[in-house]
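Subject: Handover of a structure

Dear colleague,

Please find below the structure that I am handing over to you. A summary of what was found in it follows.

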2 protein chains.
Amino acid sequence: MRVGVIGATGAVGKELVEVLGKRRFPVTELKLFASARSAGTRQNTPFGEVTIEEYNDAAAGRLDLALLAVSGDFAKAHARALAAKGVAVVDNSSALRLEDDVPLVVPEVNAGAIGRHRLVANPNCTTAILVVALAPLHAAFGLKRVIVSTYQAASGAGAEGMAELEAETRRVLLEGGPARHAVFAHPLPFNVIPHIDTFQPNGYTREEMKVVWETRKIMGLPGLPVSCTAVRIPTFRVHAEAVTIETERPVTAEAARAVLAQAAGVKLVDDTATLLYPMPLTATGQDDVEAGRIRANDVFGEFGLDLFLCGDQLLKGAALNAVQIAERMGLSSR
Amino acid sequence: MRVGVIGATGAVGKELVEVLGKRRFPVTELKLFASARSAGTRQNTPFGEVTIEEYNDAAAGRLDLALLAVSGDFAKAHARALAAKGVAVVDNSSALRLEDDVPLVVPEVNAGAIGRHRLVANPNCTTAILVVALAPLHAAFGLKRVIVSTYQAASGAGAEGMAELEAETRRVLLEGGPARHAVFAHPLPFNVIPHIDTFQPNGYTREEMKVVWETRKIMGLPGLPVSCTAVRIPTFRVHAEAVTIETERPVTAEAARAVLAQAAGVKLVDDTATLLYPMPLTATGQDDVEAGRIRANDVFGEFGLDLFLCGDQLLKGAALNAVQIAERMGLSSR
C-alpha cells in the first residue's frame, strides 16, 4: 500500500512513521512530505531510507493512504480533494473535526462511525486520551457530568515545544538566568501555564472547548455537560488528566476498576499499596492510556467517581490513534 | 517580644524568619531552635545574627510566641504544654488541626476563631490557598460543591524536596541518566506524581482528605461536599489549583470577578487579552493568592464556576499565614 505522511518532520509526523512500522502496517511504498526547507533530506524509517519531498498534489493523489500531521489550513485546502481522488485521509488537525460529513474517531469508542468515509478526523490529544476511559464508564454507569483538569506536556506544541522546554530548563539550571520563550506564551520550566490555544468569548480556551465539543461528538452525547481546565506543565510527551464524573447509575470504585480493567486501550494502573498509579514516567511510549487513582467521590453521593489518566500525547493522543483509524478504513491498494 | 522559631533550618522555618522581618513583627529577641545537628551554627536574620540552639523546653517556655515548623509528633508532645505555660503557639503541623479545642485559622476567613486561644493550628498549604478564594465566593453565592485538582510544588516536601527536584533535573539534562528519588515516591523531574502523603482506606490520600477536612473546619461548613485530587508536579514553591464549584445562588464570571477583586488575600490576575492568569512564575514570593481563569461552567447550569489559583506554598501556604495568625493573637510581652 502506498502511504504518505504529510508533515513528516514534525513530532507527530515522525511518530506516525514509527507507529506504521511497529504495527507492521502493509506499506509497500512510504512517501514523506514536508516543507521545501526539509525537501531532499533523507530519513531512516522502518521501511528503509526515504527522501523527504516537498508536498505536491499530484504525488499525494496517487497514494492509497495519506496521514496528515500539518496545519488546519492545509487540511482545509487539501483533505477533501485528496479524499475525492480516492485517497484515504486521516487528518490530525482540528479544522474538520466538527464537520458533519467527517467522522471524528477513537476506534475503541466509535469505530463504526468510519463506515465508508474516505476522510476521517483524528481528535485532539487530550480528548482521545479521555474518551477511551470515559466510554466504558458511560456504558456501565451512564455519564451525567464530566469535569477535567489537565496536566499537558510540551509535545502538544510539537517538537519545538519539547525543544524549548529542554533548552530553557538547561538555561535556568546552568546559567541561573530567566527562561526565554517563543513557542509557549510564558516560560514553561518549573512553571504551569493555564492557557493552551486561543481564548474564546466564553473565557475558555479553544483547547478546553475542543475537549467539550469533541468528547460529545465521539461519544454521540451532544448534550453531555463537560468542563475542562487545560494546563501546560513542564513534562515532555504525556498528558495527565484528573477526571471527576457524575454518573446516572450508582458507581463504586471497585465496579469502575472492573470496567476499566477490561476496557480496550486502557491499562489499569491502580494499586496504591505498591505505589502504582498513572504517571508520565510510566506512560511514555506506551500505547494504552493508564487509568488509576479510582475512588468514589462523595461530592455526587453514590454517583460520583474520581480518576486519574496518563496517555502518551504523541501516541494515543495523535499518531497511534491515526494509524488505528487507518487500520479500520478497509483500505486496499488501488 | 521574645519569639522562637522551632524548626528554623527547614524551608518553612527560614521563611518564617523572613516573614517576621518583612512584616516588622515586634521581635525583641529571636530564638532559633533546630536539631542537635544544626545547633551552634549562626544564621543571619532581619533581627541580627542568631545562633541556632537545640530545642529545650525551658528556653521555649520563656518565649512570648513560638512558631512551630516541625513534625506532628513534636507538636503532640510539646504544643499544649507550651501554651499552658503562657506561650502563644502557632503550629504548622497537621497533628492538632482537627482537634476541637484548637482553632484552625486562615485570618482572612475565620480570624474570629482565634479568640483567646493560646494554641492555634496553621492549615495545610493547599487548603490555605484554596479557602482565601472560596470564602468570599461562599459569602456572595453560597457553596454547594467543590472539586479541586492541584498542581503542587516540591516545597511541600520541604527544602529537601526542592533540592531533589533541582539536583535530579540536572542529572536528567546533563548526564542523560534516569532521575533518582529519595524524598518523593518516584522521580519528579518532567513527571507528575498523583500521590502526596499516605493513602487512606477510601482511596484518597491524606493530603486530599486534609483539603476536605480542613476546608470544612475553616469555613465552618462541616457538611460541604469537597473532592480533591492532589498531584505533585515539577515546580519549586507555588501550588496551583484548578477549582470547580457549584453555588447555591446563580453566579456569573463577571460577578465572581468583582467579588474576588475585593477579597482580602486575593490578587485578581484575570485578563486573558493580555495573557494574564495565575502562574507559579508570577505568584512566587507574593503574599496574595493569584486568582484567574474565572468562567461560568455550564456543567452546573447557572450555578457553576471554574477558576484557577496560584499561591506561594511557603508564604500563604505556611509561613505568612502563621505570622498573620500570630498578629491576631493579641500578644504582648510577658
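A turn of 180 degrees with a shift of 0.0 Å along the axis lays chain B on chain A, with an RMSD of 0.0 Å. This is the relation of a two-fold axis. Please note that the model is a predicted one. Its scores are ipTM 0.96 and pTM 0.97. For chain A the average pLDDT is 97, and 100% of the residues score at least 70.

The contact between the chains

To the contact, chain A gives 48 residues and chain B gives 48 residues. On the side of chain B that touches chain A, at least two residues come from each of the following elements of chain B: strand S9 (143–151), helix H6 (158–175), strand S10 (226–229), strand S11 (238–247), helix H9 (280–283), strand S13 (289–296) and strand S14 (304–312). By character, the residues of this side of chain B are 28 nonpolar, 13 polar and seven charged. The copies meet through the same surface, because 100% of the interface residues of chain B are also interface residues in chain A.

The domains of chain A

Chain A is assigned two stretches, with domain 1 covering 2–96 and domain 2 covering 127–313. Taken over C-alpha atoms, the centres of domain 1 and domain 2 of chain A are separated by 28 Å.

The parallel sheet

One open sheet of chain A has six strands with parallel pairing, in the order S5-S2-S1-S6-S7-S8. At its edges stand strand S5 (53–54) and strand S8 (119–121) of chain A; each has a single partner strand, so one side of each is left without a neighbour in the sheet. Helix H3 (residues 72–84) of chain A packs on this sheet, where it touches strand S6 (65–68), strand S7 (88–91) and S8 of chain A. The direction of helix H3 makes about 155 degrees with that of S7(A). Within the sheet, strand S1 (residues 2–6) and strand S2 (residues 29–34) of chain A run parallel and are joined by five bridges. Opposite A:Ile6 stands A:Phe33 in S2(A).

The mixed sheet

Another open sheet of chain A also has six strands, ordered S10-S9-S11-S14-S13-S12, and its pairing is mixed. Its edges are strand S10 (226–229) and strand S12 (266–268) of chain A, each with a single partner strand, so one side of each has no neighbour in the sheet. From one strand to the next, the twist averages 25 degrees. Strand S9 (residues 143–151) and strand S11 (residues 238–247) of chain A run antiparallel, with eight bridges between them. A:Leu143 has A:Thr247 in S11(A) as its bridge partner.

Two helices of chain A lie across strands of this sheet. Helix H5 (residues 125–141) crosses S9, S11, S12, strand S13 (289–296) and strand S14 (304–312) of chain A, and runs at about 30 degrees to S11(A). Helix H7 (residues 206–219) of chain A lies across S9 and S10, running at about 150 degrees to S10(A).

A hairpin

Strands S3 and S4 of chain A form a hairpin, with two residues between them. Strand S3 (residues 42–45) and strand S4 (residues 48–51) of chain A run antiparallel and are joined by four bridges. A:Gln43 is paired through a bridge with A:Val50 in S4(A).

With kind regards

Definitions and conventions. Residues numbered from 1 in each chain as written. Chains lettered and ligands numbered in written order. Predicted model: local features only at pLDDT ≥ 70, side-chain atom pairs only at ≥ 80, totals over all residues. Contact = placed C-beta atoms within 7 Å. Nonpolar A, V, L, I, M, F, W, Y, C, P; charged D, E, K, R; others polar. pLDDT = per-residue confidence, 0-100. Pairing = 2+ DSSP bridges. Axes fitted to C-alpha atoms, helices over the stretch in contact; angles between N-to-C directions. Domains from an automatic or database assignment. Least-squares fit on C-alpha atoms with pLDDT ≥ 70 in both.
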